[in-house]
Protein chains: 2
Amino acid sequence: MKELKLALLGFGNAGQAFGRMLLDHEEEIIKTYDTKVLVTAIATGSRGNLVCADGIDLQRALADLDVKQGGSGRFTDTGALSSLTTMEIAEQADYDVLVEMTPLNIATGQPAISHIEGAFKRGKHAITANKGPIAWAYSRLRDMAKEKGVQFYYETTVMDGTPVFNLTEHTLKMAKVTEVSGILNSTTNFILEELEAGADYEDIMERGRAMGFIEADPAMDIEGYDAAAKITALLNVLMDAGITPDQVKRKGIEDITVEDIRRAADRGKVIKLLCRGVRREDGSVEASVQPTEIDRSDMLASVNSTTSVVSITTNLMKKVSVVEHEPEIEQTAYGVFGDVLRVLEGR
Amino acid sequence: MKELKLALLGFGNAGQAFGRMLLDHEEEIIKTYDTKVLVTAIATGSRGNLVCADGIDLQRALADLDVKQGGSGRFTDTGALSSLTTMEIAEQADYDVLVEMTPLNIATGQPAISHIEGAFKRGKHAITANKGPIAWAYSRLRDMAKEKGVQFYYETTVMDGTPVFNLTEHTLKMAKVTEVSGILNSTTNFILEELEAGADYEDIMERGRAMGFIEADPAMDIEGYDAAAKITALLNVLMDAGITPDQVKRKGIEDITVEDIRRAADRGKVIKLLCRGVRREDGSVEASVQPTEIDRSDMLASVNSTTSVVSITTNLMKKVSVVEHEPEIEQTAYGVFGDVLRVLEGR
């Protein structure tokens, strides 16, 4: 039986859900790929780092961090505890696949980009759940992976495990993408809906925070930075746009008033924060994120709450849309899990 | 350079669009797969049959049938004209891939099933755009293909080239499908919409026929037989249901009155012909096609005219929906074209 060793950089909610998914599918993976998947490193921000070339006790690591079930919130496996930093793990630990799940730095994509480069330099595969590298350095990383003959996957970076990148690569062969659009930010979607329903802005923010999908500082969402990073990632991969998020024509929902929403409603329309990219005549790609009035009978108008949609227009299949309905953390984990299965198939 | 020989059984609008797509991508296919795709047989109902092991002149065959551009409506390449029947072509002609595009017999799936069996018996790959074989004999054909070590693809049979089967196989790996639902019949969708908009039934039928998507005898659509065949195909492939269309709990829209539609509208709902399959506790799959009231805010309510949707629920990714927006004949052709590319990759 073969082995596939994973180094997990970042082990928050999604990372832990991914760890549970790995454990749940251990036998099925062995049966399907004749390969045992081992986690040989886990780097966290504040809970300690684990490194063990023979495989970390993943069950124990998960139990340690499960405070609700009596875990201490820190790793306790003293045999595996390591003083290596996250970057040192990328550069020195024994693994086959780097799984980048560290927190997003939306302004630079770092240090995630360096982590992935660290893996590629050593001829290791990489999977990223962090959209920073795809938004800020996709073409460089793609070329580096190709040159080194390693695999590079990133399905989770937009709409969790919902197939968007894989859809285009594996199911729309030879079709050329001419346009991409979508509703990709739940926070703004929720706020716009609630404003329309008559809720007060401060109440909305408070409720959204309590439900866990409005951040303590929601500016990144409200001003469209998160949506800009997502459409950039989509356009870099699907249309080889070669752009960075700062090149997106970006307008958030910060200036949208209840009156704007009501006036739109009177005309049978709803306001959504729409992401869009189209190819210009000169071959470059124009990307935008902006509040857009959408006809109430349009499918996009029904994309509510945490539901998201991406529409991909190609020369051969016209417009195909993919909708993710109210995902939870397991759907983020599945994107990474599916990418690991792809690495297993590609070896 | 390698060769891949196709036998096209059926050469109507979709078959001809597929032929044009092949010609348009001849160079790209050679560049990508180092393979020249040849059409070595074309069987039609009434325009003659062509067979030529060195490759038919596809351009000429298309021109012959293009009556608007001066074609005679019958094949003229006397060197290739053949007296073999369609079944004899399947059983005797020189080809690598059988492409089944003959007219659907919704009550039995024949003779398309026999054509495909004819190919498999000879160790040839098969692609079907005809949903009959998938609705009536999927598991038998799948097992036969496996046993013979040949490829068997059928993406076009539901929602044209929109990835549904490939989506699940290639992008939702290890996820178990627990439910499938969708709006899959354009004719009934159009009729229900127009009735709601206040149009008269006879007018609707006349207009639909003029627009080409209501058949001379619309009973197969209106009574839900077409939708039943489609949901059967989906469930056989995605959930290994092992059912036939006559096992679908089927109710068409023939009894829906304008009053039903208005009453639903008063409650904020629209009526759609919804297809659905769920796994029962005993492991079997329950399939239904029936007019269903859908909340106007639901995404399904916005699926209008010739737009279709399939929602696939899995244990790992919850519900993912795929929408095909107002397809034309090229989108049907693309499904077959994509399947040919898959055969090229799998060789």
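Two strands count as paired here if DSSP finds at least two bridges between them. Keep that in mind for the views below, which introduce a predicted model.

**The model as a whole: a prediction with its confidence scores.** Chain A has an average pLDDT of 95, and 100% of its residues reach a score of at least 70. For the model, ipTM is 0.95 and pTM is 0.95.

**Two strands of chain B meet at B:Leu50 and B:Leu81.** Strand 3 (residues 49-51) of chain B and strand 4 of chain B run antiparallel, joined by 2 bridges. Which residue stands opposite B:Leu50 in strand 4 of chain B? That residue is B:Leu81.

**An open sheet of 7 strands in chain B.** Follow the order 4-3-2-1-5-6-7 and you will have visited the sheet from end to end; the pairing is mixed. Strand 4 (81-82) and strand 7 (152-153) of chain B form the edges, and each of them pairs on one side only. Helix 5 (residues 112-121) of chain B lies across strands of this chain, namely strand 1 (2-9), strand 5 (97-100), strand 6 (125-128) and strand 7. Its angle to strand 5 of chain B is about 175°.

**A sheet of 12 strands drawn from chains A and B.** Start at strand 9 of chain A and step along the order 9(A)-11(A)-10(A)-8(A)-12(A)-13(A)-13(B)-12(B)-8(B)-10(B)-11(B)-9(B). The sheet is open and its pairing is mixed. At the edges stand strand 9 (249-250) of chain A and strand 9 (249-250) of chain B; each has a single partner strand, so one side of each has no neighbour in the sheet.

**Inside that sheet, strand 8 pairs with strand 12 in chain A.** Strand 8 (residues 177-183) and strand 12 (residues 308-314) of chain A are antiparallel, with 6 bridges between them. To find your bearings, look for A:Val180, whose bridge partner in strand 12 of chain A is A:Ile312.

**Helix 12 lies across two strands in chain A, and likewise in chain B.** In chain A, helix 12 (residues 258-266) crosses over strand 10 (269-279) and strand 11 (285-295), at about 90° to strand 10. In chain B, helix 12 (residues 258-266) lies across strand 10 (269-279) and strand 11 (285-295), again at about 90° to strand 10.

**A rotation carries chain A onto chain B.** How do the copies relate? A turn of 180° with 0.0 Å of shift along the axis superposes chain A on chain B, with an RMSD of 0.0 Å. This is the relation of a two-fold axis. Within chain A, the residue closest to the rotation axis is A:Val322, with its C-alpha at 2.4 Å. The copies meet through the same surface, because 100% of the interface residues of chain A are also interface residues in chain B.

**Helix 1 of chain A crosses helix 3 of chain A.** The axes of helix 1 (residues 13-24) and helix 3 (residues 58-65) of chain A come within 10 Å and cross at roughly 145°. The crossing is left-handed. From helix 1 of chain A come A:Gln16, A:Gly19, A:Arg20, A:Leu22 and A:Leu23, which meet A:Leu58, A:Gln59, A:Leu62 and A:Leu65 of helix 3 of chain A. The residues of this contact comprise 5 nonpolar, 3 polar and 1 charged.

**Loops of chains A and B with unusual backbone spots.** Most residues other than glycine have a negative phi, and most peptide bonds are trans. The bond from A:Gln110 to A:Pro111, however, is cis, with omega near 0°. A:Pro111 sits in the loop between strand 5 (97-100) and helix 5 (112-121) of chain A. In chain B, the bond from B:Gln110 to B:Pro111 is cis, with omega near 0°, and B:Pro111 lies in the loop between strand 5 and helix 5. B:Met159 has a positive phi, near 60°; look for B:Met159 in the loop between strand 7 and helix 7 (165-171) of chain B.

Note on methods. Residues numbered from 1 in each chain as written. Chains lettered and ligands numbered in written order. Predicted model: local features only at pLDDT ≥ 70, side-chain atom pairs only at ≥ 80, totals over all residues. Heavy atoms only, no water. pLDDT = per-residue confidence, 0-100. Helix = DSSP H or I, 4+ residues; strand = E, 2+ residues; numbered from the N terminus. Contact = heavy atoms within 4.5 Å. Axes fitted to C-alpha atoms, helices over the stretch in contact; angles between N-to-C directions. Least-squares fit on C-alpha atoms with pLDDT ≥ 70 in both. Left-handed = near helix turned anticlockwise from the far one by under 90°. Nonpolar A, V, L, I, M, F, W, Y, C, P; charged D, E, K, R; others polar.
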